[in-house]
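Please look over the sequence and the structure below before reading on. The report after them is written for a reader new to this structure.

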Amino acid sequence: MIQHKLVQIMRVLSGICVITILFSIQNAETYSLENFDNSYSQRDASIFYIRQLLKRIKSNHHDNLQWRKRTDATSNKCKEIKSGSYYDGDTGPAINNIATYRDCINQCETDSKCYGWSYQNSSQTCWLQTSVGQVYGGASYMSGSCLGPAAKATQCTEVISGSYYLGDYGPKISQVATYQDCMSRCDALATCLSWLYRASDNACWLQTTVSGKITDGQYTTGSCIKQQALYGQVAISVTNPLVIPIINPPVIPIINPSIGLETDRQHMFILILNLCISGTDDTSKKCKEIKSGGYYSGDTGASIDNIATYRDCMNLCETDSKCNGWSYQNSSQTCWLQTSLDIYYSDSSHMGGNCLGPAAKGPHCTEVINGAYYNGDDGPAINNVATYQDCLSRCDASATCLAWSYRASDNTCWLQTTAYGKVTDGQYTTGSCIKQQAPYPPISLETYRQQALDRHNFYRAKHCTPPLVLDPALNDIAQTYAEKLAAGLASGHSHGNFNGSTGHFTELIWKDTTRLGIGRAMPSNNNGMYVVGNYFPGGNYVGQFAQNVLPLC
């Protein structure tokens with residue numbers, strides 16, 4: 001009797017569960033089966049069950065469950081925000097009286113042909129672009145790329161040998177026979193805007209963003225971005241910039257859904273899916289950003305030499321749990337890893353990027369800074385947030401939020417997925433939620449001297465100049481002078497044969513110089529470091545440059 005009643009109860013509960021799921025699906029937000037398959041592990045039994053359920057829904061032709069093309073577009077195309085730099089490219093006329101860079105972003109967001117933007121805060125001027133190229137430094141600028149899936153051409157046709165595009169790369173695809181096969185893979189993927197192929201090991205990479213090209217004979221590449229007509233040259237003045245209302249994305253992260261259930265509300269099905277997908281593996285990499293022509297300042301480890309490519313430098317950071325950023329110098333094949341990120345500096349000889357994934361977040365957000373905000377990738381504005389404490393709490397509750405900023409004048413809050421150098425602005429209160437990492441251990445003075453010697457001889461070899469050797473007596477003299485500089489007891493160079501425009505490098509490769517001494521010292525406030533090079537015999541003598549500064553080999 002008891003068993004019979006239990007069976008009846010189970011049947012009733014099962015019926016309620018099925019009705020609840022079907023009712024919830026009818027009211028669910030839009031989801032993509034293809035992206036669901038790609039995003040979550042199918043080895044998980046619960047994921048397998050939901051996947052099968054979605055497939056059954058897809059084949060069902062009941063009016064309330066029919067699978068239709070998605071008609072709404074809630075995601076924004078302008079997601080990147082760079083501070084202190086801008087992209088070159090085909091740019092329209094200046095748009096004046098734009099109050100903030102976010103208003104400039106909104107201008108690009110509503111313009112179907114806009115692929116990028118730049119903004120100058122001092123003049124409140126905005127520029128929109130129909131193409132994005134190299135990144136250039138400009139301390140007064142902010143900018144970003146707006147290359148969403150709509151930017152893709154109907155077919156990939158461009159083929160460029162001996163170079164590659166910068167951008168966000170997917171994982172390496174091995175055993176791709178030809179560059180045509182790599183291009184075809186990009187052609188077939190809605191989110192792929194460029195491709196890159198290396199024939200030496202039949203490797204292919206697909207990119208979701210594209211910027212300036214880098215010359216490198218190993219690669220063949222091509223962009224799949226459709227060409228837009230240039231902007232006209234009519235001056236524009238906007239007094240009331242349009243602000244786009246941003247709709248909160250659904251609970252489940254989906255990249256460019258192509259098909260979905262067309263309904264009007266999300267309901268219990270989201271909760272069911274969230275319960276099923278929690279705890280699935282996250283295989284995404286933390287190092288996604290690649291900046292050409294610059295690097296982040298911050299707490300940096302010792303230089304790592306003989307690193308063949310910037311991707312190898314990125315991989316070193318990827319495997320180091322305390323690494324939050326990297327920089328790379330191609331000419332010397334040198335890599336640096338960082339435990340913190342600060343201001344972004346322009347330097348044409350460097351590449352760099354942040355590696356701030358969710359694991360970088362501390363257990364709680366505690367930092368509060370008045371009169372400033374962090375640069376980084378902002379989410380949509382959240383209105384009607386009563387206090388900065390409420391904004392901080394929202395960031396605390398989000399696994400992907402690494403910083404927050406709050407503007408009290410209109411009770412607006414922004415949550416950021418990346419954070420670096422602070423910008424002073426009295427309107428804002430801000431805070432970083434990135435956990436503090438212990439700096440990399442400082443290298444010894446002996447190691448530092450050896451690295452300096454190696455760098456000198458690297459460049460001397462390029463000019464067919466004999467290598468230098470370290471001299472203990474010269475080291476002692478250089479160290480004494482560095483300590484005087486750090487203590488404020490000396491300034492400038494120790495003799496007058498120095499020309500600021502060329503003197504450093506010509507002394508470095510001066511042929512008659514045979515021995516080197518290196519010293520270093522930090523001031524009492526630990527702000528910077530003084531490094532002294534002591535050369536014997538000394539160089540940079542008038543009348544002797546022709547025989548001592550040799551051309552490149």
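What follows describes cores, aromatic pairs, salt bridges, backbone features and a surface patch.

## Basis

This is a predicted model. Residues are numbered from 1 along each chain.

## Nonpolar cores

The largest nonpolar core has 22 residues. Within this core, Ile290, Tyr310 and Trp326 touch the most other members. Four elements give two or more residues to the core: β9 (203-207), α7 (310-318), β14 (325-329) and β15 (334-338). Helix α7 supplies the largest share, 4 residues. In terms of domains, the core takes at least three residues from domain 2 (154-226) and at least three from domain 3 (289-354).

Another core, of 19 residues, lies apart from the largest one. Its members include Ile81, Ile98, Leu128 and Cys146.

## Aromatic pairs

There are 17 aromatic pairs in the structure. In one of them, Tyr388 and Trp404 have ring centres 6.1 Å apart and planes at 5°, so this pair is stacked. Tyr388 belongs to helix α8 (residues 388-397) and Trp404 to strand β18 (residues 403-407), so the pair ties together parts that are 16 residues apart in sequence. The two partners can be described by their accessibility as well: Tyr388 is partly exposed, with a relative accessible area of 28%, whereas Trp404 is buried at 0%.

The pair of Phe458 and Tyr459 has its ring centres 5.0 Å apart and its planes at 90°, so it is edge-to-face. Phe458 is partly exposed, at 26% relative accessibility. Ring pairs also link a cluster made of Tyr164, Trp205, Tyr219, Tyr310 and Trp326. Two members of this cluster, Tyr310 and Trp326, were named above among the residues of the largest nonpolar core that touch the most other members.

## Salt bridges

Side chains of opposite charge can pair when their charged atoms come close. The structure holds 6 salt bridges. One of them is formed by Glu289 and Lys291, with an N to O distance of 3.9 Å. Both Glu289 and Lys291 are buried.

How far apart, N to O, are Asp410 and Arg407 in their salt bridge? The distance between Asp410 and Arg407 is 2.8 Å. Asp410 is partly exposed, with a relative accessible area of 35%, and Arg407 is buried, at 14%. Lys172, Arg198 and Asp201 are joined into one network by salt bridges that share partners. In this network, the side chains of Asp201 and Arg198 meet at 2.8 Å, N to O. Asp201 is partly exposed at 29% relative accessibility, while Arg198 is buried at 14%.

## Backbone features

Phe536 and Pro537 are joined by a cis peptide bond, with omega of about -15°. Pro537 lies in the loop between β23 and α12 (545-548).

Gln333 is not a glycine, yet it has a positive phi of about 50°. Gln333 sits in the loop between β14 and β15, and it counts as partly exposed at 35% relative accessibility. Asn384 is also not a glycine and has a positive phi of about 60°. The loop that holds Asn384 runs between β17 (369-375) and α8. Is Asn384 buried or exposed? Asn384 is exposed, with a relative accessible area of 71%.

## Loop residues and their contacts in space

Asp342 is in the loop between β15 and β16 (344-354) and is partly exposed, with a relative accessible area of 36%. Asp342 and Asp299 are 43 residues apart in sequence, and their C-alpha atoms are 8.7 Å apart in space.

Pro171 is in the loop between β7 (160-165) and α5 (179-188). Pro171 is exposed, with a relative accessible area of 62%. Pro171 and Leu206 are 35 residues apart in sequence, and the C-alpha to C-alpha distance between them is 7.8 Å.

## Surface patch

Which residues make the nonpolar surface patch of about 260 Å²? The patch is made by Met522, Met529 and Val531. Val531 lies in strand β23 (residues 530-536) and is partly exposed, at 43% relative accessibility.

Conventions:
This is a predicted model: local features need pLDDT of at least 70, side-chain atom pairs count only at pLDDT 80 or more; totals for chains, interfaces and linings use all residues. Side-chain values use heavy atoms; hydrogens and water are left out. A nonpolar core is a set of buried Ala, Val, Leu, Ile, Met, Phe, Trp, Tyr and Cys residues joined through side-chain atoms within 4.5 Å. Buried means under 20% relative accessible area, exposed over 50%, partly exposed in between (1.4 Å probe, protein chains only). Domain bounds come from an automatic or database domain assignment. Patches are made of residues with over 30% relative accessible area and no salt bridge: like charges are joined within 9 Å, nonpolar side chains (Val, Leu, Ile, Met, Phe, Trp, Tyr) within 5 Å. Accessible areas come from the Shrake-Rupley method with a 1.4 Å probe; for residues, only the protein chains shown count as cover. A salt bridge is a side-chain nitrogen of Lys or Arg within 4 Å of a carboxyl oxygen of Asp or Glu. Rings of Phe, Tyr and Trp (its six-membered ring) pair if their centres lie within 6.5 Å; planes under 30 degrees apart count as stacked, over 60 as edge-to-face and the rest as tilted.
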